[in-house]
Structure formats: C-alpha cells, structure tokens
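Me: I am new to this kind of model and would like some help reading it. Could we go through it one feature at a time?

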Amino acid sequence: MNWGILIAVIIYEIFSIFIVTALVSRKHKKNAAGSDFAFASGGLSSPLVGITLGLTLLGAAHNWGTCQNSATMGVMGAWMGIACSVMMVVITQICAPWIRRTGSKTISEFMGKIFGKNTRIALACVQAALGIAMACMEIEVIGVTLSALTGWDYMLCSLIGGIFAMLYVVLAGMNEVAWLNVINAVVMWASLIVVLISLARYLPGGWDGIEATLTANPDTEWFTNLFGSKTFLIAFALPNAIGASVFHAFSQAGYQAVATAKDNRAVKKSLWFASPINGCFCIIPALIGVAAFAIPQFREAGTMMMSPMMIVTLLPKPVIALLAAGFLGVNLSSFAVMALAPATIISHDVYTIKEPHASEKKLTKLTRLWIVIIGIVSIIICKFQPQPVIIVNWIFGFGAPVFVMVLIGLWWKRSEKAAIITLIVSWIVLCIWSTFGLQNYLGLTNFNGVYLSIICSAVIGIITTVVCPGKKGLFAGLKKKA
Amino acid sequence: MHMVITSLTQVIVTVFIITIVGYIIGKFAKFGNSDEIIQRDEED
C-alpha cells in the first residue's frame with residue numbers, strides 16, 4: 001500500500017482541476033453561453049488546440065496499453081504513437097478544415113449536411129456507442145494505475161477512478177480541459193523522462209542488462225529494435241496508422257478539440273504541438289514494458305500488471321507519485337473527451353430530433369447528464385474488455401466506411417441510399433470478421449479488420465454511388481481556395 | 001543504454017519527418033485555409 005503516493009496524486013489532480021476551473025471561470029465570467037462547455041466558444045489558439053488534440057487522443061492504448069504490447073512486440077509498441085503522428089497530419093491538415101467549412105459542430109451533423117438526416121442518425125448512434133467503448137477503456141487503465149498504487153481490488157479502483165473521471169469532466173468544460181491538458185502534458189513528459197533515467201539506476205544491471213537479457217534469446221532478440229519485425233510492421237504499425245487516420249479524421253473525439261480553434265490556420269499550425277506530443281510518447285512506455293518483460297519476477301504478473309508492478313517495486317516513491325500523476329492526468333483528459341464526444345452527439349444530434357429548437361443551456365445540461373450515464377456504464381463493463389490495443393483496432397475499423405463515404409460525398413456525388421448501404425454493410429462485415437471470430441477461424445490474424453473495412457467500404461461505396469441517384473458532391477466543382 | 005538511445009532517436013526523427021511532410025502537404029491543401037462556410041444545398 002502506498003497511501004502517501006495515492007494521497008499526493010489525488011491532491012494534485014483535485015488541486016489542478018479546481019484552480020484551473022476557478023481561473024478559467026473568472027476569465028469567462030461574462031460569457032454565459034452554453035456552447036462554452038463543449039466547444040470553448042471556438043476561440044482557442046493553435047498551441048492550446050494542438051496540446052488538447054495531442055493529449056485527448058493519447059490515453060489507455062498509449063501508456064499502459066503500450067507497456068502491455070511490449071510483451072509481444074518489444075520496442076515496436078512505439079509504432080502506436082508514430083501511427084498517431086500520421087493521424088494528426090490527416091486531421092489537422094486535411095479533414096478538420098473541411099468539416100469546419102461546413103459549419104458543423106458534430107461529425108453526425110457534418111454527415112447530415114452531406115447525405116441527409118438518416119445518415120446523421122445512423123452515424124450518431126454508432127459513434128456514441130464507440131465513444132462509450134473508448135471511455136470504458138480509459139476507466140480500465142485508471143483502475144490499473146490506482147490498483148498498482150493501492151493494492152486494492154481492480155473493480156474498486158475502477159469505481160473510484162470512474163467517479164473521479166466523471167467529476168473531472170462534469171465540473172470542467174472544454175475550456176478547462178484544454179488548460180488542464182497543458183499542465184498534464186508538462187507533468188506527463190517530466191514523469192516519463194524521470195522514470196527512464198531512474199530505471200537506468202534501479203533496474204538490475206541497468207538498461208544494458210535488459211538489452212543483454214533480450215538479445216541473448218533468439219525469440220526476443222528483435223524486441224530491442226524499432227524495425228525488428230516485418231510482420232509487426234504490416235500487422236500492427238501500418239493498420240494503426242491507416243486505422244487511426246481514417247477513424248479519427250471524421251470522429252467526434254478527433255474533431256471535438258479542433259472545433260474549439262479560432263480559425264483554420266490555427267488548426268493547421270496545431271500539428272506542430274499535437275504530432276510530437278502524441279507521436280513521441282509511446283517509446284517510453286514501450287521501453288518500460290520491455291524492461292518489465294525481461295525480468296521474470298514481473299513478467300509472471302501478466303502483461304497488464306507487469307509494468308505497474310515493476311515501477312512500484314523498483315522506483316523511489318516521489319518518482320512513482322510523479323508517474324502516477326502524469327498517467328492519471330492523461331487518462332482523465334482522454335476520458336473527458338471520450339465521454340464528452342458521445343454525450344455531445346446524443347444531446348446535439350439525437351435529442352435535437354425530438355426538440356429541434358432546444359436552447360444551448362438545456363443541451364449543456366443534457367450533455368452533463370449523459371457524461372454521468374456514460375461514466376456509470378464504463379465502470380460496470382470495463383472489467384469485461386479485451387486488451388486496449390485490440391479494442392482500439394476494432395473501433396478504428398468502424399471509421400473506414402465513414403471516411404470513404406465522406407470523400408465520395410464531398411468531392412464526387414451525394415446519395416443517402418448509397419451512404420446508408422455502405423455504412424451498414426461494412427459495419428456488419430467488420431463485426432462478422434472481428435467480433436464473431438471469422439478472422440481467427442480462417443487463420444488470418446495478421447489481416448487487420450481495418451484493411452477489410454477499407455476494401456469492403458470502397459467497393460460497396462463506389463458501386464452504390466454509381467447505381468443510386470444523387471446530388472453533386474458538397475465541395476465538387478468549387479475552387480480550391482474559396 | 002544503446003537500445004534506449006537508438007530507439008528514442010529513431011522515434012523522434014520519424015515523428016518529425018512525418019510532421020514536416022504533413023505540414024508541407026497542408027500548405028498545398030489550400031481549400032482548408034479559408035474559414036468561409038459552404039452551404040451547397042441552397043445552390044442545388
């Protein structure tokens with residue numbers, strides 16, 4: 001039990017939330033508009049947008065998820081972050097400015113403007129569900145962090161972490177989360193660098209000892225090389241880059257931070273902050289995971305708990321506290337947007353079908369209520385989830401048909417019938433492939449669901465768009481610079 | 001320590017190459033520079 005560390009970490013998180021909330025509230029006292037909560041009134045500068053974007057799409061799969069991945073792929077787990085750099089390029093340089101030019105607040109609204117009301121509803125339902133799955137994953141790793149610190153039961157830690165996470169986003173809004181992200185970014189990077197240096201001293205034999213252990217075994221020799229296995233480059237790095245890009249290019253979680261930018265130039269400049277913060281992150285958790293895997297005492301704890309156990313056992317308490325504060329901050333930030341995104345979709349896209357003229361104040365109240373519901377659902381089901389990286393890849397597959405149909409609908413032809421058929425058929429095919437086990441049954445474990453989803457949606461999307469009647473693409477025929 | 005320094009350097013260099021190439025791509029994608037809202041349905 002590390003009571004001192006736990007109390008220090010919780011005090012830090014509460015202190016940072018209340019101080020930032022108080023300062024931001026004072027600054028924006030005159031602005032009572034409800035849209036401030038979810039979209040920060042659309043006035044954030046490029047550093048704030050970039051840091052928020054970089055951190056909100058950096059969570060479970062990047063920290064403990066990457067540590068876990070190292071048990072099967074060594075330092076190649078860092079490709080998770082590198083893949084996200086590609087995603088940041090696609091979001092900030094290409095897709096997000098397109099969405100902003102339609103004046104949409106949510107991705108479902110954007111799809112509705114391209115194709116129509118039914119597509120908007122279909123996408124709102126699926127994206128809300130996927131957002132809840134991602135929020136659930138964040139609760140899972142918040143539980144892991146607290147469990148490693150306290151030694152308490154994992155479910156109890158998930159419950160405490162879940163309540164804390166709900167308070168984090170219900171009390172704060174997008175504006176506060178943006179500033180909290182800046183603080184969390186500094187703490188997180190500082191903690192990772194300190195851990196890396198500390199491990200050189202406290203690991204048995206230092207980093208050289210870990211490397212010698214791994215290279216002595218032919219099965220793990222390639223674990224020390226970022227380009228060690230072609231199989232993992234094809235089956236892990238590439239589908240992650242493609243999957244993350246096609247999913248978050250038109251996902252609410254990817255767009256929520258960008259929607260808060262003051263203009264499209266700020267969005268484009270935000271790449272210089274979002275890409276390094278997110279892209280360089282995974283190598284340190286990958287190295288931590290590799291070290292834990294190389295020591296039999298910790299490897300026996302299983303892939304999920306080996307790294308937290310190693311850190312708690314080997315490192316001094318101030319370093320553990322710093323890392324726990326950094327990781328919790330990151331996961332709380334991610335949960336904030338992962339919960340805010342589906343809650344925004346439900347209030348702005350689904351509820352407005354029933355009450356089209358609902359006030360912003362009412363929608364904000366409803367968004368807060370849904371954040372609490374999402375938090376409760378996440379706590380209940382988080383124990384039954386597979387590895388974070390498996391969930392992430394599965395979720396990415398759902399983005400492929402949306403990406404394909406948006407490209408077709410923007411630049412070629414808009415047919416709602418074609419969009420609905422493509423989305424639904426591709427999602428069903430992905431579920432049969434991944435969820436119901438066809439991939440494992442056929443022995444094609446390296447053929448990632450993202451590849452199948454892209455091929456399937458491109459074929460069906462093109463054929464149905466040719467066959468079905470429709471209108472000219474939303475941006476088709478417009479000058480490159482309007 | 002060799003593994004740590006080599007992999008850290010490789011990741012940082014790879015990420016910065018992606019960022020620079022991405023920013024150059026963004027410079028060519030001029031359609032996204034404007035903030036003017038497009039409402040095509042009114043024209044149809």
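Reply: Gladly; we will talk through the interface, the empty spaces and the salt bridges. Keep in mind that this is a predicted model.

Me: Let's start where the chains meet. How much area do chain B and chain A bury between them?

Reply: The general idea is this: the size of an interface is often given as the accessible area lost when the parts come together. Here, chain A and chain B bury about 3,800 Å² between them, and 67% of that lies on carbon and sulfur atoms. On the side of chain B that touches chain A, the residues are 16 nonpolar, ten polar and six charged.

Me: How many residues does each chain bring to the contact?

Reply: Chain A brings 50 residues and chain B brings 32 residues.

Me: And how many residue pairs are in polar contact between chain B and chain A?

Reply: There are twelve such pairs, counting those with both residues at pLDDT 80 or more. As for salt bridges across this interface, the rule finds zero.

Me: Now the empty spaces. How much space lies in the largest pocket?

Reply: Here the general idea is that rolling a probe the size of a water molecule over the atoms shows where empty space is left. In this model, the largest pocket holds about 840 Å³ of space. It is lined by 28 residues, and the closest to its centre are A:Val389, A:Ile390, A:Asn393, A:Gln439 and A:Asn448.

Me: Which element gives the most to that lining?

Reply: That is α20(A), with five residues. Other elements of chain A that give two or more residues include α4 (64-73), α11 (230-249) and α23 (449-467). By class, the pocket lining has 14 nonpolar, 14 polar and no charged residues.

Me: What about cavities: how many of 30 Å³ or more are found in the whole structure?

Reply: The search finds five. The largest cavity has about 150 Å³ of space. Among its 18 lining residues, A:Leu57, A:His62, A:Met134, A:His248 and A:Met338 are the closest to its centre. Helices α5 (79-100), α7 (117-150), α18 (317-354) and α20 of chain A each supply at least two lining residues. The cavity lining divides into twelve nonpolar, five polar and one charged.

Me: Last topic: how many salt bridges does the structure hold over all chains?

Reply: Side chains of opposite charge can pair when their charged atoms come close. Over all chains, this structure holds two salt bridges. One of them joins the side chains of A:Glu109 and A:Lys113, at 3.8 Å from N to O.

Me: Where do A:Glu109 and A:Lys113 sit relative to each other in helix α6?

Reply: They are about one helical turn apart, because four residues separate their positions in α6 (residues 107-114) of chain A.

Conventions: Residues numbered from 1 in each chain as written. Chains lettered and ligands numbered in written order. Predicted model: local features only at pLDDT ≥ 70, side-chain atom pairs only at ≥ 80, totals over all residues. Heavy atoms only, no water. Contact = heavy atoms within 4.5 Å. Buried area = accessible area lost by both parts, 1.4 Å probe. Salt bridge = Lys/Arg side-chain N within 4 Å of Asp/Glu carboxyl O. Polar contact = N/O pair within 3.5 Å; in protein donor to acceptor, adjacent residues only side chain to side chain. Nonpolar A, V, L, I, M, F, W, Y, C, P; charged D, E, K, R; others polar. 1 Å grid on protein atoms, 1.4 Å probe; cavity = no way out; pocket = protein on both sides within 12 Å on 5 of 7 lines; lining within 4 Å. Points joined across faces, edges and corners; volume = space filled by probe spheres on them.
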